[in-house]
Amino acid sequence: MSVTSLSADMETYSEIIQVEEFDSQQERELILRCQERDTAAMGTLVVQYQHWVYNIAFGMLGHHEDAQDAAQDAFLSVWQNIDSFQFRSRFSTWLYRIVRNKCLNVIDQRKRRKTDPMEIDDSQPWVPLDTVTPEQEALRTEQNEILHAALDRLKESYRTILILRELRELSYEEIAEVLNCTLGRVKSRLHEARKALRAELERTDW
Amino acid sequence: MKHQRIQKHLSAYFDNELTSVLRKKVEDHLRVCQECTEMLEDFKVNRERIAELVHPAPSLKNAVLAKIRETENAPQENFLSTLRRWVFRPITVGATALSTVCLVVALYFFTYTPSPQYDELIDFYFGVHTQEVANNPLKSNVATPLNTPVTDTEDFGEETDTLLDIFFQD
Ligand SMILES: [Zn+2]
């Protein structure tokens, strides 16, 4: 698939999921074009990464609107700071680091507003990826809410590392790049995070 | 290895991030430890649950491109309005006040013309000082103002000798 054919508008969910992953050369070309202020290239990058950027933000924030705002802000930041990307790390890990920072800003703002713990947003209908019965669907949504609540009670660093590993399936090396820490730190923090989530879910009698 | 020390590696074992030696040790321990086996099983279940949180994202492209246009087409603020906005930000208002005071003091200092009296007084003391320096044989080589007549110390010495001669002759 050529880079230009990807630039075409992809508005529906199903089309977005089927976006092919770029090879590194295609991605490099797109980034270089963005550095030359080519907005069409930026649009293609957004289409390529919006799925994971949104899902990481949603995992961290548990709120559809907030996740959407954080994801948009992250992409805007990418556009504004693309000149500082010098291909020294993977673009994806650079992007996820920006996403994490945007989510941390949202969490900070929430703390400052001293609002109640985040409510699980159900305005966005869960679009099932496979066919499930309504009963299964209801159960799944309820379980997802319990899981979101448990994740929300974890330390932010635990939640982030679980999202990056279990949801995005990043390697230890990639996680170290996103979090800007050592592999040893990734290993120990991930273990602590998994134990903490397990304890949290046991407490809620799942 | 003890149970606790093995358990620390359980997560990395689960992610297949262990060396073969350590991996073998964990596997041996799992055969005899119920607690670690249960923990590993829970890690597996929780991973699947978290993976289920992934769901289709809304399309962000148009919104992002609109934001980009918005920021890039925003009317370029002129220098004065930017300065005004900066100057009156609450955080900079203290610094602004301080720098204004400094500016006023600096202006006063540089445009201040001393009164004639002040000039004369300075000239008087400066004159006395230069005379003193010029007359002192120890200091005369330190500073000799250009506009003061240079006094020849040898001549001065000769003159003194003549005067002393006259005095003792009597
Ligand atoms: Zn054990």
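This tour goes from the whole contact between chain A and chain B to single helix pairs and charged pairs.

The model is predicted, so local features need pLDDT of at least 70 and side-chain atom pairs count only at pLDDT 80 or more, while totals for chains, interfaces and linings use all residues. Residues are numbered from 1 along each chain as its sequence is written, chains are lettered from A in the order in which they are written, and side-chain values use heavy atoms, with hydrogens and water left out.

**Stop 1: the two chains**

Colour chain A and chain B separately. The contact takes 53 residues from chain A and 37 residues from chain B, where contact means heavy atoms within 4.5 Å. The size of an interface is often given as the accessible area lost when the parts come together. Here the buried area is about 4200 Å², and carbon and sulfur atoms give 63% of it. (Buried area is the accessible area, with a 1.4 Å probe, that two parts lose on being put together, summed over both.) Now select L53(B), H55(B) and K61(B): in chain B they lose the most area to chain A, together 17% of what that side buries.

**Stop 2: a helix pair across the chains**

Select helix 4 of chain A, residues 39–61, and helix 5 of chain B, residues 61–73. Helices (H or I, at least four residues) are DSSP runs, numbered from the N terminus. The two pack at an angle of about 140°, with their axes 9 Å apart. Axes are lines fitted to C-alpha atoms over the stretch in contact, and angles run from 0 to 180 degrees between N-to-C directions. That makes helix 4 of chain A oblique to helix 5 of chain B; angles under 35 degrees count as roughly parallel, over 145 as roughly antiparallel, 65 to 115 as roughly perpendicular and the rest as oblique.

Which residues of helix 5 of chain B meet helix 4 of chain A? They are K61(B), V64(B), L65(B) and I68(B), and the residues they face in helix 4 of chain A include M42(A), V46(A) and Q50(A).

**Stop 3: charged pairs between the chains**

Side chains of opposite charge can pair when their charged atoms come close. A salt bridge is a side-chain nitrogen of Lys or Arg within 4 Å of a carboxyl oxygen of Asp or Glu. By this rule there are 20 salt bridges over all chains, and the count between chain B and chain A is six.

Show R37(A) and E72(B), whose side chains meet in a salt bridge at 3.5 Å, N to O. R37(A) sits in the loop between helix 3 (24–35) and helix 4 of chain A, and E72(B) is in helix 5 of chain B. Next show R198(A) and D42(B), another salt bridge, with the closest N and O atoms 2.7 Å apart.

**Stop 4: inside chain A**

Keep helix 4 of chain A and add helix 6 of chain A, residues 91–113. Their axes come within 10 Å and cross at roughly 40°. Helix 4 and helix 6 of chain A are therefore oblique to each other. Among the residues in this contact are W52(A) and I56(A) of helix 4 and L95(A) and V99(A) of helix 6.

Finally, add helix 8 of chain A, residues 156–167, whose axis comes within 12 Å of that of helix 6 of chain A, crossing at roughly 145°. R100(A), L104(A) and I107(A) of helix 6 touch E156(A), R159(A) and T160(A) of helix 8.
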